[in-house]
Amino acid sequence: MRLSLPSDQLVLEKLTEGRNLAANIAADVDRSRNYINQRMPQMHDYGLVRKVGPVEGTGLYEITPKGIATLRLIDDYSEGEVFEDHVEQRADQIEIRQVVVTDPGSEDS
């Protein structure tokens with residue numbers, strides 16, 4: 001895994017707040033939209049982020065357990081298998097729970 005620091009770290013930190021669009025992430029981390037659009041597929045290939053719907057091709061992303069583990073271990077980052085092994089071990093211990101909103105006063109309830 002080859003990270004582009006500090007940009008990838010900023011993206012992962014932003015995604016710990018919840019799902020977000022690549023365009024919003026670019027603005028929030030002060031990087032160009034083009035740059036973020038180039039990095040997100042790479043981070044996806046590494047398993048750090050997941051592209052989610054609702055519409056195919058929308059650029060909506062969320063962080064994965066491997067992304068959280070990478071963020072937590074980022075101070076020890078170096079290219080190579082040792083770092084990736086530590087990330088994989090840590091990721092196996094992380095569970096991401098989706099937030100479900102219910103409104104008992106809603107007509108749909």
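## Salt bridges in a predicted model

User: In this predicted model, does R39 count as buried or exposed?
Analyst: The cut-off for a buried residue is under 20% relative accessible area. The relative accessibility of R39 is 13%, so R39 counts as buried.

User: Which side chain does R39 meet in a salt bridge, at 2.5 Å from N to O?
Analyst: R39 lies in helix α3 (residues 33–45), and its partner lies in helix α1 (residues 7–15), so the pair ties together parts that are 31 residues apart in sequence. The partner has a relative accessibility of 1% and therefore counts as buried. The side chain that meets R39 in this salt bridge is that of D8.

User: How many residues apart are D28 and K14, which lie in helix α2 and helix α1?
Analyst: The side chains of D28 and K14 meet in a salt bridge, with 3.1 Å from N to O. This pair links distant parts of the chain, since D28 belongs to helix α2 (residues 22–28) and K14 to helix α1, and the separation is 14 residues.

User: Which residues are joined into one network by salt bridges that share partners?
Analyst: K14 also meets E17 in a salt bridge, at 2.8 Å from N to O. K14 counts as buried at 17% relative accessibility, whereas E17 counts as exposed at 60% and D28 as partly exposed at 45%. Through shared partners, the salt bridges form one network of K14, E17 and D28.

User: How many salt bridges does a search of the whole structure find?
Analyst: Among them is the pair of R39 and D8, and another is the pair of K14 and E17. For the whole structure, the number found by the search is seven.

Terms used. Residues numbered from 1 in each chain as written. Predicted model: local features only at pLDDT ≥ 70, side-chain atom pairs only at ≥ 80, totals over all residues. Heavy atoms only, no water. Salt bridge = Lys/Arg side-chain N within 4 Å of Asp/Glu carboxyl O. Helix = DSSP H or I, 4+ residues; strand = E, 2+ residues; numbered from the N terminus. Buried < 20%, exposed > 50% of the residue type's maximum accessible area, 1.4 Å probe, protein only.
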